[in-house]
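Please open the structure in your viewer and keep the sequence at hand. The tour below goes from one selection to the next and says what can be found at each stop.

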Amino acid sequence: MVSTKKFMELMKKKIEADYPDTATVSTMVKSKDPISKQSDVRETVLLTDIPCRLSYLVKGSGPSVKTDTYDISSNIVKLFLAPEHDIPIGSRITVHHQGEHIRYECAGIPKKYPTHQEIEMLLSEAN
């Protein structure tokens, strides 16, 4: 018989094997120049090349989903990745997805499970 812990490890490996995308996570960090004493805010990379998967959920239903154009703000974008990564709220996440680099912002508290975590994101205006 397989233990619950071993079963969860196997499920986690199975889920992660299906991650086709990669992500880079960065955040804004305030620093002070020791010489000039001026404060500066810089983007600092926290994590790189994290295997992940994007998921899109269209709010509502009906004909708007079937049209050629739709309002991107009506979509919920979720990022699925391994649970051991700590992603701060407000982080900038660049996802390499199907040959494109798409920039998002972490919009919610990551929901962590034993096998994965889910992060709701907003499309960054930097795109």
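## Starting at the N terminus

Begin by selecting V2, which is placed in the segment before α1, the helix of residues 4-17. V2 has a relative accessible area of 52%, and because exposed means over 50%, this residue counts as exposed. Keep V2 selected and add F7, L10 and M11, since these residues belong with V2 to a nonpolar patch on the surface, and together the four have about 370 Å² of accessible area.

## The whole chain

Before going further, zoom out and colour by secondary structure, bearing in mind that the model is a predicted one. What does the secondary structure come to in helices and strands? The protein has one helix and seven strands, and along the sequence they follow the pattern α-β-β-β-β-β-β-β. If you now show the surface, its accessible area comes to about 8,900 Å², and 56% of that belongs to carbon and sulfur atoms. Of the 127 residues in the protein, 28% are buried. Among the contacts with a separation of 6 or more, 56% are accounted for by residues 24 or more positions apart.

## A loop before β2

Next, select D33, in the loop between β1 (residues 21-32) and β2. D33 counts as partly exposed, with a relative accessibility of 35%. If you show its side chain together with the backbone of I35, you will find that the side chain of D33 reaches the backbone nitrogen of I35 at 2.7 Å.

## Strand β3 and its partners

Now select residues 75-81, which form strand β3, a strand that is mostly covered, with five of its seven residues buried. Which strands should be added to see what β3 pairs with? One is β2, residues 39-58, which pairs with β3 in the antiparallel sense over seven bridges; within this pairing, R53 stands opposite F80 of β3. Another is β7, residues 117-123, which runs antiparallel to β3 and is joined to it by five bridges. To find a position in this second pairing, select K78 and look for its bridge partner in β7, which is E120.

## From H85 to Q117

Move on to H85, in the loop between β3 and β4, the latter being residues 92-97. Is H85 buried or exposed? Its relative accessibility is 18%, and because buried means under 20%, H85 counts as buried. Leaving aside neighbours within four places in sequence, H85 is in contact with L47, I50, K112 and Q117.

The last of these, Q117, is the next selection, and its place is in strand β7. Q117 is buried, with a relative accessible area of 0%. A polar atom of the Q117 side chain lies 2.7 Å from the backbone oxygen of H85. Not counting residues up to four places away in sequence, Q117 also touches others, including L79, F80 and L81, as well as P110 and K111.

## Further along β7

Finish by selecting L123, which also lies in strand β7. L123 has a relative accessible area of 39% and is partly exposed. With R92 selected as well, a distance between the two C-alpha atoms can be displayed: L123 and R92 are 31 residues apart along the chain, and their C-alpha atoms are separated by 9.8 Å.

Conventions: Residues are numbered from 1 along each chain as its sequence is written. This is a predicted model: local features need pLDDT of at least 70, side-chain atom pairs count only at pLDDT 80 or more; totals for chains, interfaces and linings use all residues. Side-chain values use heavy atoms; hydrogens and water are left out. Buried means under 20% relative accessible area, exposed over 50%, partly exposed in between (1.4 Å probe, protein chains only). Helices (H or I, at least four residues) and strands (E, at least two) are DSSP runs, numbered from the N terminus. Two strands pair if DSSP finds at least two bridges between them. Contact means heavy atoms within 4.5 Å. Accessible areas come from the Shrake-Rupley method with a 1.4 Å probe; for residues, only the protein chains shown count as cover. Patches are made of residues with over 30% relative accessible area and no salt bridge: like charges are joined within 9 Å, nonpolar side chains (Val, Leu, Ile, Met, Phe, Trp, Tyr) within 5 Å. A salt bridge is a side-chain nitrogen of Lys or Arg within 4 Å of a carboxyl oxygen of Asp or Glu. A polar contact is a pair of N or O atoms within 3.5 Å; within protein, one must be able to donate a hydrogen and the other to accept it, and residues adjacent in sequence count only if both atoms are side-chain atoms.
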